[in-house]
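Hi everyone, thanks for coming. I'd like to walk you through a structure that's new to most of you, so pull it up on your screens and follow along.

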Amino acid sequence: MQDTRKLYVKSFGCQMNVYDAQRMADTLAKEGYVETQDPADADLVILNTCHIREKAAEKVYSELGRLRKAKQETGSDTMIAVAGCVAQAEGAEIMKRAPVVDLVVGPQSYHRLPEMLARARDGKRVVDTEFPTEDKFDHLPAPSLAATKKRGPTAFVTVQEGCDKFCTFCVVPYTRGAEVSRPVAKIVGEARALVAQGVREITLIGQNVNAFHGEGPDGRTWGLGRLLEELAGIDRLERLRYTTSHPRDMDDGLIAAHRDLPQLMPYLHLPVQSGSDRVLAAMNRKHGRDLYFGIIDKLRAVRPDIALSSDFIVGFPGETDAEFEETLDLAERVGFASAYSFKYSSRPGTPAAEHDHQVPEDVKSERLARLHKVLEASKTAFDRSLKGRRFDILLEKPGRLPGQLIGRSPYLQSVVVTAPHLHIGDFVTVDITDVGPNSLAGRIVEDVEDQGRMSDRPLAAMEA
Ligand code: SAH
Ligand code: SF4
Ligand code: F3S
């Protein structure tokens, strides 16, 4: 019989890394590894890294320093692996700078982990950052029922990976490679299996998720709108989301999906980065501010309750004060329900890093603070507008107090309810009674049966 070994995975970065961490854990479960929350207890530690900004990338070296110290102090023989986008970008350098690392594995090679670990156990240090021709998804096992139950009623499913857009600031096309879409049948199969294990909400993920163009069962190429329509036909799959989208790929089929599919949540993360046409062009975003406003108008016309979130970069090389003001103006005009904003970080190998007019750090900080203020104000206004509203929440985890559960609103906010009779994975209709900085409070509408729960509704319009 195989010994039980313990695995600790620490993920940084985007949802794709969260999904990948689960697939690595599922792969290693077959090798006898069980997950632990304590690195000191682990036989194998995997750092699943992010290269998007300098600070994110540098974290791996401080983590490795801590692990080296812990290993020295305890004399343990824990194996250390580095995965994710820093592994892809700096595999050889990690090996040089950090002798504590036993293996480096790039995002397209996770299915090879068992074999790599076997070699590392023989005392060899192993690096695999190839972009192999085989489909790793065919070799990554599905989660066990126990694993899915532990992860809760929401799940990610990767539908495409990589990016061909080459925004001039971004490392993703280099770390994740060219855009590849999975075939529809495989995505639907994975979704059905998760739903059979109790999952109620699926977020389709991809670095450029709405560039999805997978092979359909009819032999044609399907876009994301058509894929969502298909998934909406899965019984007991109550909620669908997708992230991260690019404005250029918001086609009419996808906008129609927002009109036709009640399962598709009225919340969209649509990064815009800047409100200035000149900066957008310099970023190679392939669209201007008017296209962005146009998409939002179309979305609001078909789904008036839709809320938006976004990403912004301030201090892109050459960005002037007046151009930054245009970003503030765009943010004010749209009124985002939530947003992330970042100071531009120069990334090795990207075209913007070579630009002569880098914006000084203090200017970036000042712009970030100003943008932050605008975004915070619109977030607060949006949250407050929900007071008195009624909607379904999906209960995801226990709350702090006995009898409390925490669910998610259609807009991804945490909603705290007192519901000792309900369970994680249940949907419940609530009235929003209070709005706090980090969560909403909800009162359960008792006669849930009469509230038109999603599972009672006819499925999607397309079934007609
Ligand atoms: N594919 C997504 C974004 C992926 S990266 C898109 O096209 O929008 C997530 C976010 O990180 C980006 O939206 C951007 O706001 C930010 N980001 C990427 N590279 C960055 C850099 N060099 N400096 C600062 N922020 C960056
Ligand atoms: Fe990066 Fe642009 Fe691709 Fe998004 S679309 S992953 S920002 S290159
Ligand atoms: Fe980071 Fe790679 Fe995701 S760079 S944001 S982990 S695709």
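Let me start with a little puzzle: which residue in S21 is the bridge partner of Ile432? Have a look while I set the scene. What you're seeing is a predicted model, by the way. Okay, the partner is Gly442.

That pair belongs to a bigger pattern. Strand S20, residues 427-435, and strand S21, residues 440-444, are joined by 5 bridges and run antiparallel. Zoom out from there, and you'll find 5 strands closing into a barrel, in the order S17-S18-S19-S21-S20, with mixed pairing. On average, and ignoring direction, neighbouring strands in that barrel are turned by 55 degrees against each other. In case the words are new to anyone: strands of a sheet pair through backbone hydrogen bonds, and they do it either parallel or antiparallel.

Now let's move to another sheet. This one is open, with 3 strands in the order S7-S10-S13, and here the pairing is parallel. At the edges sit strand S7 (154-158) and strand S13 (239-243), each of them pairing on one side only. Neighbouring strands here are turned by 25 degrees against each other, again as an average with direction ignored. There's a helix on this sheet too: H7, residues 184-196, packs on it and touches S7 and S10. The direction of H7 makes about 165 degrees with that of S7.

If you click on S10, residues 201-205, you can follow 5 bridges across to S13, and those two strands run parallel. So who stands opposite Glu201 in S13? That would be Arg239.

Stay around S13 for a second, since there's a nice oddity. The peptide bond from Thr243 to Thr244 is cis, with omega near 5 degrees. Thr244 itself is in the loop between S13 and helix H9, which spans 252-260.

Right, on to the ligands. Ligand 1 has 15 residues around it, and the ones that come nearest are Phe169, Gln207, Gln273, Asp311 and Ser345. What do some of these do up close? Phe169 has a backbone N or O atom 3.0 Å from a nitrogen atom of ligand 1. For Gln207 it's also a backbone N or O atom, lying 2.7 Å from a nitrogen atom of the ligand. Gln273 uses its side chain: a polar atom there lies 2.7 Å from an oxygen atom of ligand 1.

How much of ligand 1 does the protein cover? On its own the ligand has 540 Å² of accessible area, and the protein covers 89% of that. Two elements give two or more residues to the shell, namely strand S15 (307-314) and strand S16 (338-343). By type, the shell splits into 6 nonpolar, 4 polar and 5 charged residues.

Let me come back to Gln273. It has a positive phi of about 75 degrees, although it's not a glycine. You'll find Gln273 in the loop between strand S14 (267-269) and helix H10 (277-282).

Last stop, the other two ligands. Around ligand 2 you'll see, among others, Cys163, Cys167, Phe169 and Cys170, and that shell has 7 nonpolar, 1 polar and 2 charged residues. Around ligand 3, the residues include Cys14, Cys50, Cys85 and Gln207, with a split of 4 nonpolar, 4 polar and 1 charged. And you've met two of those names already: Phe169 and Gln207 both turned up beside ligand 1.

Key:
Residues are numbered from 1 along each chain as its sequence is written. Chains are lettered from A and ligands numbered from 1 in the order in which they are written. This is a predicted model: local features need pLDDT of at least 70, side-chain atom pairs count only at pLDDT 80 or more; totals for chains, interfaces and linings use all residues. Side-chain values use heavy atoms; hydrogens and water are left out. Two strands pair if DSSP finds at least two bridges between them. Helices (H or I, at least four residues) and strands (E, at least two) are DSSP runs, numbered from the N terminus. Axes are lines fitted to C-alpha atoms, for helices over the stretch in contact, and angles run from 0 to 180 degrees between N-to-C directions. Contact means heavy atoms within 4.5 Å. A residue is near a molecule or strand if one of its heavy atoms lies within 4 Å of it. A polar contact is a pair of N or O atoms within 3.5 Å; within protein, one must be able to donate a hydrogen and the other to accept it, and residues adjacent in sequence count only if both atoms are side-chain atoms. Accessible areas come from the Shrake-Rupley method with a 1.4 Å probe; for residues, only the protein chains shown count as cover. Ala, Val, Leu, Ile, Met, Phe, Trp, Tyr, Cys and Pro count as nonpolar, Asp, Glu, Lys and Arg as charged, and the others, Gly among them, as polar.
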